[in-house]
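Student: Could you walk me through this one? I'm new to it and would like to go slowly.

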Amino acid sequence: MTAVAERTALEIGAPRKRKEDQRLITGRTRWTDNIQLPGMLHLAMVRSPFAHANVTAIDTEAAKQAEGVVAVITGADIAATQGACANAWPVTTDQKTPAHLPMVVDHVACTGEIVAAIVARTAALARDAAELVDVTYEELPAVLDAKEAVDDTVLAHPDLGTNTTAVWTLDSAGQGTGGHVDDAIAEARVDGIVIERDYRQQRLIPAFMEPRSTVVDPTGEQITIWSSTQVPHILRFLIAATTGIPESKVRVIAPDVGGGFGGKLQTTPEEFITLAAARQVRKPVKYTETRSESLVSAHHGRDQYQHLTLAATKDGTVTGLKVELIANLGAYVALVGGGVPVLGAWMFNSIYKFGSYRFTTRNVLTNTPWVDAYRGAGRPEATYAIERLMDELAVAVGVDPLAIREQNWITHEEFPFTTVAGMTYDSGNYEAATARAKEIFGYDALRVEQKRRRDDLDPVQLGIGISTFTEMCGLAPSRVLGSLNYGAGGWENAAIRMLPTGKVEVITGTSPHGQGHETAWSQIVADRLGIPFEDIEVLHGDTAVSSRGLDTYGSRSLVVGGEAVVRAADKVVEKAKVVAAHLLEASEADLEFVGGRFGVKGTDKGVGIAEIATAAFTSHNWPEGVEPSIDAEATYDPVNFSFPHGTHLCAMEVDTETGATTMRKYVCVDDIGQIINPLIVEGQVHGGLVQGIAQALWEEAVFDDNGTLVTGSFVDYTLPTSADTINYESEHTTSPSTTNTLGTKGVGEAGTIASTPAVVNAVVDAVRHLGINDIRMPLSPERVWRAIRDAGSAATGDTP
Amino acid sequence: MLAPTITVNGSAGTLSGVDPSTTALDWLRSRGLTGAKEGCAEGECGACSIMVARPGDDGGTRWTAINACLVPAASLDGGEVVTAEGLGSPQSLHPVQHEMAVRGGSQCGYCTPGFICSMAAEYYRPDRMPVASADEHDHELDHEHGPNGFDLHSLSGNLCRCTGYRPIRDAAYALGEPDADDPFAGRCLAAPPALTSTRQEGPTGVYVRPTSLAAALDLYAAHPQAVLVAGSTDWGVEVNIRGARAPFAIGIDRLPELRTLDVGEDVIEIGAALTLSEIERRLDGRVPLLAKLFPQFASRLIRNGATIGGNLGTGSPIGDTPPALLALEAVIVLASTDGERDVPLADYFTGYRQTVKQPGELIRAIRVPLPLSGTTAFHKIAKRRFDDISSVAVGFALDVADGIVSRARIGLGGVAATPIRALATEAALEGQPWTADVARAAAAVLRQEGTPMDDHRASAAYRTATLGTALLKLHAETATPQEVGA
Ligand SMILES: Cc1cc2nc3c(=O)[nH]c(=O)nc-3n(C[C@H](O)[C@H](O)[C@H](O)COP(=O)(O)OP(=O)(O)OC[C@H]3O[C@@H](n4cnc5c(N)ncnc54)[C@H](O)[C@@H]3O)c2cc1C
Ligand code: FES
Ligand code: FES
C-alpha cells in the first residue's frame with residue numbers, strides 16, 4: 001500500500017475563500033432568470049389594485065387578441081388544478097385559516113393578488129397584454145391595521161366571520177416553569193416597579209436582491225421546476241400535496257438563489273401559477289417578477305403591536321413579564337406565518353431569570369400582503385421588547401442599564417438552565433461577552449462624553465444603547481415541532497458519495513442562498529475524511545440529487561444540516577475501516593484514522609480513504625459479505641435548540657435641532673460557538689447587523705388608506721447603502737454548544753436580532769433627559785425631531 | 001450607415017434588429033452576458049452596473065460605471081463596454097474580483113458583478129491617490145475613504161442586502177494600483193471611442209444621434225415631439241416603469257457643443273450634456289455651492305450618467321440643481337434653429353413640469369455669473385443620507401461684508417409646483433447684520449415660503465421646520481463670534 005501524505009492543517013476555523021465566489025464574482029452564475037429553454041414562453045400577472053374586492057367579471061378578449069399572446073388564464077380556468085398556498089403551521093387546533101388560492105377566483109383580500117395571467121412569446125409582450133385584461137371589481141371595505149382588525153368591524157374575509165385566526169398562550173404558571181404573572185404585577189404595583197409599554201414592530205419587506213423567478217418545464221417525464229426559493233423540498237412536497245401531481249413526477253431545483261432572509265421561505269402563488277400555465281400550454285414557461293411586484297407580493301415581515309408589563313422589585317430584580325401581542329398576518333396565514341409570533345414566546349425572557357411569565361399572541365388577518373418569516377422571525381421582535389424594557393427598568397431604579405442586566409441574567413455557572421418560558425439553555429457566558437464588549441467600546445469614556453454634552457447643552461447629544469441578546473437556532477427537534485402542531489419535522493439529511501477517483505460529493509438537504517454552504521460543508525468533510533478541500537463538491541437544491549431535505553431557514557443549516565454531514569462522514573469512515581482492516585490484513589482495533597489515512601498502529605503500513613473508494617469501484621479485493629460501497633447517508637434530528645448570545649453596544653449622535661441621527665460606534669461580541677469559517681461568519685454578522693439597524697433607522701412598509709403600498713419601489717423603500725453604514729467592530733467569545741458534535745450555534749440571524757434594540761436604546765438614551773422614553777421605528781429624522789418637539793407634553797407612562 | 005455596434009469585453013456586438021427602446025442591460029443579457037442583472041430597472045440598486053469607456057480629462061479615456069438598465073442600447077453605439085465577465089474569469093480573477101473573494105465581499109452574489117464594475121471604475125480612476133501617511137487617514141473619522149484613496153461614494157449606487165457592506169468596503173480599501181501591463185489601465189491612455197452618428201429603427205420608433213448641434217437642432221425642428229435623450233436616467237425610468245416609448249428620440253449626450261465647460265472672467269458656462277460627475281470633477285470645488293450639492297445628488301452611478309441639462313429639462317419641482325442654481329442666479333442658454341436666447345433660471349419654470357422652452361428648443365448650457373457669494377450652503381431632506389430623492393431642498397448664497405448681509409439669494413425645491421426663489425426671506429436678510437436674531441427672524445420668514453406637501457417621506461410641518469433650521473445652521477457655522485453674540 002502506498003502511504004498517503006498526512007493532512008494535518010485543520011480546515012475548520014480557517015478563513016477559506018468561498019468556493020461559490022469564483023462564479024458569482026465573475027458573473028458566471030445560474031440564476032433562475034438566466035435559464036432559457038427551447039420554445040419557452042413568458043408569463044405576466046394581472047394583479048389587483050384593490051386591497052379588498054369581489055371580482056365580478058374578467059374580460060380577456062382584448063388580451064387574447066394581443067400580439068404574441070398564447071393564453072390568458074383566469075382563476076376560474078385553473079380553479080381545480082392550481083393547487084393551494086399551504087399553511088404548514090396551524091398554531092392552534094381551532095385556527096381559522098382562509099383558503100389561499102394562488103390565483104383568486106372571485107375574492108381579492110389584498111393589493112397585488114393575482115387575478116389573471118398572460119402567457120406570451122416574450123415577457124414584454126406578456127406585460128403589455130396584461131394591461132388589456134379588463135377586470136371588474138366591486139370594492140369592499142378594507143381593514144389594514146392589526147389593532148383595528150381586532151374588533152371585527154370590518155372583516156378581511158367576510159366568510160370567516162372574524163379577523164382573529166388564533167390566540168396562542170404560554171403561561172409559566174400553567175406549564176410549571178414559574179409563577180403567576182398577574183400576582184407578580186399586583187405585588188409590584190404595591191411595593192415595587194411596574195413598567196408598562198406599547199411598542200410597535202413596524203412592517204418590513206425582506207427585499208432580497210434577486211427578484212423571484214420560476215421556470216417550469218412540463219415536457220419531460222418529470223415536471224422540472226426551477227425556482228428562486230429557499231425551500232425546494234417543501235415546495236415539491238406541497239405541490240404534490242395540493243395539486244395531486246405525484247411527488248415522484250415533480251423535480252424542483254433551486255439554482256443560485258439571490259438572498260432570502262426568510263422572504264423566499266414560502267410556496268408562492270407565482271410558483272403555482274407558473275406550473276399551472278406550463279401544464280396548460282404544454283411548453284416551458286418562465287415568470288420573473290419586477291421589483292415593484294416583488295415588494296408588494298413577496299411576503300412581508302414583523303408587523304406586531306406589543307403590549308408589555310414588566311414587574312420588578314424596587315431594587316430592579318424582575319419578578320414577572322406579561323406580553324400581549326397583536327400580530328398582523330396579512331391577508332392569509334402564510335406557510336409559517338402564524339408561527340412567527342409564537343416563536344418569540346420563548347425569547348421575551350431572553351437571558352434573564354424571571355419569576356413569572358405569560359405570553360399571548362392574537363394573530364389577526366387584514367387586507368394587506370401576507371406576513372411571514374423575515375430574518376430572525378419572532379425573535380427580533382421579542383429581543384427588541386425586552387431590551388427596551390430593561391433600559392426603562394434601569395431608569396426607574398436609577399442604575400446603569402448594564403448593571404440592571406447583570407443583576408437579572410443567568411450567570412455562567414448556572415448552565416444548563418431552564419428558563420421561565422421552559423427552554424433549557426445548554427451553555428453561555430454573558431459576563432464574558434459583556435466585559436469584552438465594554439472594553440472594546442470604551443464604555444466608560446463614552447459615558448463621560450455623554451455627560452459633558454448634556455452639561456454643555458450641546459445641540460448634538462450622545463446616547464449609548466445596549467442589547468444583550470440570545471436567540472434559539474437550529475429549528476428544530478421534531479418532537480418539539482410536533483407538540484406545536486407544526487406540519488413537518490426538524491431533521492436534516494446529508495449523504496456522502498466517495499467517487500472512484502478519490503473525489504467526494506457531499507449532498508445536503510439544506511438549500512443555501514448566500515450562506516456559503518459549499519465552502520463550509522467542504523471544510524467540515526475535509527477535516528472529517530482527510531480529503532483535500534478542493535476535491536470536495538457540495539451538491540444541493542435539487543430534489544433529484546438531494547432527495548431528502550428540509551432546506552434553509554432559522555439558522556438551522558449549520559447546526560442541524562452540518563451535523564448531518566458530520567454523521568454521514570463518520571459513517572463513511574466506519575464503513576471504510578472494515579475495508580481498511582481487510583486490505584491491511586490487520587484487526588480494526590489496531591487501526592487509527594488520521595489525516596485521511598488508516599494506519600496500523602506502531603507500523604508504517606496504511607491505506608488512504610481515497611484508495612478505498614477506488615477499491616470499492618473495482619471491488620476486486622473486498623471483504624466477504626460487505627457491500628461494495630463506502631458511501632453513506634445520515635439524517636439527524638436535533639436534540640435541542642442552540643442558543644447563541646452576545647452583547648452589542650451602540651453609540652448614536654442625535655442632532656436635537658434636526659432630529660438627524662448618526663452612528664458613532666458599534667461593537668458586538670457574539671458567542672456563536674465553534675466557528676467553521678470566520679470569513680463567512682463575519683459576513684453573516686455584518687449583513688445581519690445592517691438589516692437590524694435598517695429596521696431601527698430606515699425601513700418601513702407604508703400603505704395609504706386604500707391599502708396601496710406606498711413604499712412599493714426602491715425609491716421609496718429605502719435600503720441602506722454602503723455610505724449609510726460604518727465599520728462595526730465584531731469579536732467572538734466561545735462557549736461551545738453541547739448539543740452538536742461541532743459545537744456550533746448558528747449565526748445567520750444574530751446580528752439582526754441584536755442590533756435593532758441597541759440602536760433604538762442609544763437614540764432614546766441620547767434624548768431621554770428631554771423627557772423622551774420612546775420613539776417609534778424607524779427613527780427617521782422627522783420622528784426624532786417630533787419627539788423632541790413634543791417632549792414637554794409626553795407622559796412617560798412610568799408607575800414607580 | 002453601418003449597423004450600430006458596441007464593443008463588449010473586446011469583441012464587437014451588433015445592434016441590428018434591436019428595438020431602440022431596448023436597454024443596454026436587456027441587450028447584454030440577450031447575448032448571454034448575465035452578470036449584469038435587473039434588480040429594479042430604475043437606477044436604484046446597481047445590479048446592472050457596467051463599465052463604459054468615456055472621455056477622460058486630457059484627451060484620454062476614463063472607465064465610468066453606469067446603470068445599464070437605464071440607457072438604450074443604441075446610445076452605446078460605437079462605445080466600449082466591460083462587464084464583470086470581461087474583467088476576469090474564475091481562472092484569472094481581476095484584482096477587484098480577487099479582493100472581493102478574499103474579503104468575503106460576496107454572499108448570495110446577486111449584487112456582486114454590479115459592485116465589481118463600480119469598484120473597478122474607481123480602481124482605474126486616474127486621480128485616485130493613496131493617502132500619504134497613516135496619520136492622515138483616520139479610519140474612525142473617515143468611513144468613506146480608504147487609505148488607498150478609494151472613494152466609497154463610487155459604490156453608493158449599489159445595494160447589497162447580504163453583506164452589510166463591511167467586507168465590500170474592506171475589499172475596496174485593500175486594492176492596490178493597477179499593474180503596468182493592465183490592459184484596462186492601458187486603455188485609459190488612448191483616445192476615447194470616437195463620436196459616431198447613429199440611427200436605430202425598430203417596431204416602437206427610431207433613435208437618432210447626430211454628431212453636431214446644428215444637425216440636432218434641425219432634427220428637433222423637424223420633429224418637435226421628439227424625446228431628447230441625454231444620460232437617460234430620467235427617460236430610462238419612464239421606459240422601464242411607466243412603459244413610455246419614443247416614436248422619435250434624439251440622442252444629445254455626446255454633442256460636442258453641449259459638452260464644454262468654460263470658466264471666464266465673469267461667467268462660468270457649463271455644457272448641458274456634461275454629466276454631474278464630469279462637472280463635479282472639472283469645477284473641482286470652484287463653485288462651493290455646487291460642490292456641496294453633488295454628493296447629495298443621487299449616487300455616483302447615476303451622476304455618471306445624469307446630465308445637468310436633463311435635470312432642468314424635465315422641469316421637475318424636486319430636481320436638486322434648481323435650488324442651487326437659483327441661488328447662484330444661473331441663466332439657461334436655450335438653442336433652436338432660430339438661434340440662442342438666455343433665460344434667467346428664475347423665469348424658466350412656468351408651472352408644474354412646465355417651462356418657457358419652446359418646441360424645437362433645447363438647453364445648450366447653463367451660465368453661472370461671477371463673482372460668487374461667499375457664504376453658501378445646500379441642504380436636502382431625504383430619508384437616507386445618499387442616493388435618495390429630496391423632500392425639500394434649499395440652496396443659500398449670501399454676501400456678508402462687515403457683518404452685514406449685502407445680498408441674499410435663496411433657492412427652494414419641493415415647496416411649490418416649481419422650484420422658487422425665497423424672495424421674502426432674501427428681503428428679510430438683505431441689509432441686515434448677520435446676527436442670530438436676524439437669522440432667527442429670517443428663518444421664521446423662510447418657514448412661510450411656499451407650501452410643502454405631506455407625504456410618507458416627510459410631513460409638511462417637518463419640511464417647513466427644516467428649512468428654517470437650515471438657515472440657522474448656516475448662521476451658526478459661518479458667523480464670526482461677534483455676530484453670534486448679538
Ligand atoms: C436612482 C435615481 C436617483 C435620482 N436622484 C436624483 C436626485 O437626487 N436629485 C435629482 O435632482 N434628480 C435625481 N434623479 C433624476 C435624474 O437623474 C436627473 O434628473 C438627471 O439630471 C436627468 O438627466 P439625464 O441626462 O439622465 O436626463 P434624460 O433622462 O436623458 O432626460 C430627461 C428629460 O430631460 C430632457 N432633456 C435632457 N437634456 C436636455 C437638454 N439639453 N435640453 C432640453 N431638454 C433636455 C429630455 O427630453 C427628458 O425629458 C434620479 C434618478 C434616478 C434614476
Ligand atoms: S437594475 Fe437596479 S439599478 Fe439597474
Ligand atoms: S451578496 Fe447578496 S445582495 Fe449582495
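Tutor: We can talk through chain B, a ligand, the contact between the chains and the domains of chain A. This is a predicted model, in which local features need pLDDT of at least 70 and side-chain atom pairs count only at pLDDT 80 or more, whereas totals for chains, interfaces and linings use all residues. Residues are numbered from 1 along each chain as its sequence is written, while chains are lettered from A and ligands numbered from 1 in the order in which they are written.

Student: OK, how many helices and strands are in chain B?

Tutor: Chain B has 18 helices and 20 strands, where helices (H or I, at least four residues) and strands (E, at least two) are DSSP runs numbered from the N terminus. Its radius of gyration is 23 Å, close to the 23 Å that the globule rule gives for 486 residues, so chain B is as compact as a globular protein of that length. That radius is taken over C-alpha atoms, and the rule is 2.2 Å times the number of residues to the power 0.38.

Student: And what share of chain B counts as buried?

Tutor: Of its 486 residues, 56% count as buried, meaning that 20 or more other C-beta atoms, placed from the backbone, lie within 10 Å of the residue's own (exposed is 12 or fewer, partly exposed in between).

Student: Switching topic, which residues come nearest to ligand 1?

Tutor: Of the 31 residues around ligand 1, the nearest are B:Gly43, B:Gly231, B:Gly309, B:Gly310 and B:Gly313, with a residue counted as near if its C-beta atom, placed from the backbone, lies within 6 Å. The helix α12(B) gives the most to this shell, with 4 residues.

Student: What classes of residue make up that shell?

Tutor: The shell has 15 nonpolar, 12 polar and 4 charged residues. Here Ala, Val, Leu, Ile, Met, Phe, Trp, Tyr, Cys and Pro count as nonpolar, Asp, Glu, Lys and Arg as charged, and the others, Gly among them, as polar.

Student: α8 of chain B supplies residues to the shell too, so is B:Asn240 in that helix buried or exposed?

Tutor: B:Asn240, which is found in α8 of chain B, is buried, with 22 other C-beta atoms within 10 Å. Leaving out residues up to four places away in sequence, B:Asn240 touches B:Ala41, B:Glu42 and B:Cys69, a contact being two C-beta atoms, placed from the backbone, within 7 Å.

Student: How many residues are in the contact between the chains?

Tutor: The contact takes 61 residues from chain B and 56 residues from chain A. Among the elements giving two or more residues to chain B's side are α4 (112-123) and α17 (460-478), and that side divides into 27 nonpolar, 22 polar and 12 charged residues.

Student: What do the buried residues of α17(B) pack against?

Tutor: They pack against α22 (781-790) of chain A together with β17 (375-381), β18 (392-401) and α16 (436-448) of chain B. B:Leu467 and B:His475 are among those buried residues.

Student: Last one, how is chain A divided?

Tutor: Chain A is divided into domain 1 (21-28 + 491-636) and domain 2 (426-472 + 642-800), with bounds that come from an automatic or database domain assignment. Their contact takes 12 residues from domain 1 and 13 residues from domain 2, and α18(A) gives the most to the domain 1 side, with 5 residues.
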